Amino acid sequence: MKILLSHGDGGLLTHRLIEEVFAEAFCDEALAAKGDAATVAVGAGQLAITTDSFVIQPLEFPGGDIGKLAVAGTVNDLAVSGATPAYLSVGFILEEGLEIDLLRKMVRSLAEAAREAGVRIVAGDTKVVERGKCDRMYINTTGIGFNEQPKRLGYEQIQPGDRIIINGGIAEHGVAVLAERAGISFDPPLLSDCQPLNKLIARALTEFKTIRFMRDPTRGGVATTLKEIAVSAGVRMIVEEEKVPMQSAVKGALELMGMDPLYIANEGKVLFIVSEQESETLVDFIRAFPGFHMAAEIGRIEPGNGEVLLKTALGGTRELDMLSGTPLPRIC
């Protein structure tokens with residue numbers, strides 16, 4: 001068997017690749033926790049570490065670019081793990097012939113996003129490869145943060161009766177990138193939701209003590225992310241389709257393309273698992289932040305064994321699984 005594009009879409013094949021190749025060989029307890037960031041003890045403190053590579057095409061898209069994306073993706077992985085992001089390293093792989101002005105623009109965008117997130121860029125690396133050996137520019141970012149409450153969040157904290165909340169409309173990043181790639185324009189333009197979420201998440205963790213788990217639904221979308229959580233936590237999730245927020249323009253664009261919004265990537269969304277008692281006030285709290293007025297409770301947790309059931313708008317029920325075989329690479 002050889003690597004397929006679907007091995008990079010964040011779905012079922014990606015998970016099999018991780019489990020059957022990387023996890024088996026590396027075999028470390030920090031990896032076994034399956035978090036967005038690993039938490040390790042260093043002296044008396046707890047460090048959170050994560051790394052991500054960004055290979056998106058096109059490099060610029062409505063609402064963002066590869067530089068902003070490289071910061072948002074890594075900062076958000078630290079934040080949803082309960083850590084305070086502090087430092088980034090940045091590695092560039094550049095193709096011979098890349099315009100210096102374009103590189104400068106992406107670097108400035110990356111630096112601006114880091115400043116807005118309150119993180120420092122403290123290390124970097126640059127490699128240049130021959131023409132045709134990569135697609136203009138790839139970026140890798142590694143993030144380090146501090147985790148003062150490493151046991152607070154985790155799959156084991158999720159309980160029946162808890163509620164599932166998302167901070168806004170889904171599928172905005174994926175639609176913006178796909179439309180730009182296809183040369184389709186919308187009026188007004190559909191913008192990616194690409195943005196660091198660490199300040200929102202830090203405030204939410206301070207105010208709401210029963211937030212049990214968080215995850216940003218990037219590759220594979222909301223459906224794949226919820227399936228991962230349900231399987232790892234050993235619970236059943238019931239999701240109400242009518243409650244899942246989505247801009248009408250995004251919905252229309254995806255209907256035009258024949259794609260399921262629940263499997264489209266997001267880069268500025270976070271799923272919260274919180275107690276029923278704090279669910280409504282957490283939604284109100286998130287909606288008070290600029291740009292997050294569409295935050296909503298979308299489902300609940302029940303006893304189970306990894307099932308994710310979608311209650312459809314027509315009154316039916318269908319089971320959601322991980323993304324499988326949909327070729328959407330180079331979107332993150």
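**Local features and overall build of the predicted chain**

Pro 58 is placed in the loop that runs between strand 2 (45–54) and strand 3 (60–61). In this structure, which is a predicted model, the peptide bond leading from Gln 57 to Pro 58 is cis, with omega near 5 degrees. Another cis peptide bond joins Asp 187 and Pro 188, where omega is about 0 degrees, and Pro 188 likewise has its place in a loop, in this case between helix 5 and helix 6 (198–207).

Considered as a whole, the chain of the predicted model has nine helices and 14 strands. Its radius of gyration is 19 Å, close to the 20 Å that the globule rule gives for 332 residues, so the chain is as compact as a globular protein of that length. Taken along the principal axes, the box filled by the C-alpha atoms comes to roughly 55 × 55 × 45 Å. Of the 332 residues in the chain, 50% are buried, and among the contacts with a separation of 6 or more, 84% are accounted for by residues 24 or more positions apart. The exposed area of the chain is about 15800 Å², of which carbon and sulfur atoms supply 52%. With regard to charge, there are 33 positive and 45 negative side chains, and the centres of these two sets lie 2 Å apart.

Two residues that are not glycines nevertheless have a positive phi, as follows. Cys 27 has a phi of about 45 degrees and is found in the loop between helix 1 (12–26) and helix 2 (29–32). Cys 27 counts as exposed because its relative accessible area, 65%, is over 50%. For Ala 171, the positive phi is about 75 degrees, and the residue belongs to the loop between strand 8 (163–166) and helix 5. Ala 171, at 0% relative accessibility, falls under the 20% limit and is therefore buried.

Helix 5, which spans residues 172–182, includes His 173. The relative accessible area of His 173 is 0%, so this residue is buried. When neighbours within four places in sequence are left aside, the contacts of His 173 include Ile 56, Phe 61 and Leu 69, together with Ser 192 and Asp 193. Further partners of His 173 are Ala 265, Asn 266 and Glu 267, as well as Ile 331.

Thr 224 is part of helix 7, which covers residues 221–233, and with a relative accessible area of 0% this threonine is buried. Its side chain takes part in polar contacts with backbone atoms: the backbone oxygen of Gly 220 is reached at 2.8 Å, and the backbone nitrogen of Leu 323 is reached at 2.8 Å. Beyond the neighbours within four places in sequence, Thr 224 is in contact with Gly 10, Gly 11 and His 15, with Tyr 263, and with Asp 321, Met 322 and Leu 323. Leu 323 thus appears both as a contact of Thr 224 and as the residue whose backbone nitrogen the threonine side chain reaches.

Gly 299 lies within strand 12, which comprises residues 296–303. A relative accessibility of 6% is under the 20% limit, and Gly 299 therefore counts as buried. Although Gly 299 and Val 239 are 60 residues apart along the chain, their C-alpha atoms are separated by 4.2 Å. Val 239 is also one of the residues that Gly 299 touches when residues up to four places away in sequence are not counted, and the others are Asp 162, Arg 163, Ile 164 and Ile 238.

Thr 312 occupies a position in the loop between strand 13 (308–311) and strand 14 (317–319). Its C-alpha atom is separated by 9.9 Å from that of Lys 243, a residue 69 positions away along the chain. With residues up to four places away in sequence not counted, Thr 312 touches Glu 241 as well as Thr 317 and Arg 318, and strand 14, with the range 317–319, takes in the positions of these last two residues.

How values were computed
Residues numbered from 1 in each chain as written. Predicted model: local features only at pLDDT ≥ 70, side-chain atom pairs only at ≥ 80, totals over all residues. Heavy atoms only, no water. Helix = DSSP H or I, 4+ residues; strand = E, 2+ residues; numbered from the N terminus. Buried < 20%, exposed > 50% of the residue type's maximum accessible area, 1.4 Å probe, protein only. Polar contact = N/O pair within 3.5 Å; in protein donor to acceptor, adjacent residues only side chain to side chain. Contact = heavy atoms within 4.5 Å. Rg over C-alpha atoms; globule rule 2.2 N^0.38 Å. Areas by Shrake-Rupley, 256 points an atom, 1.4 Å probe, with all protein chains shown as cover. Lys, Arg positive; Asp, Glu negative; His and termini not counted. Charge placed at Lys NZ, Arg CZ, Asp CG, Glu CD.
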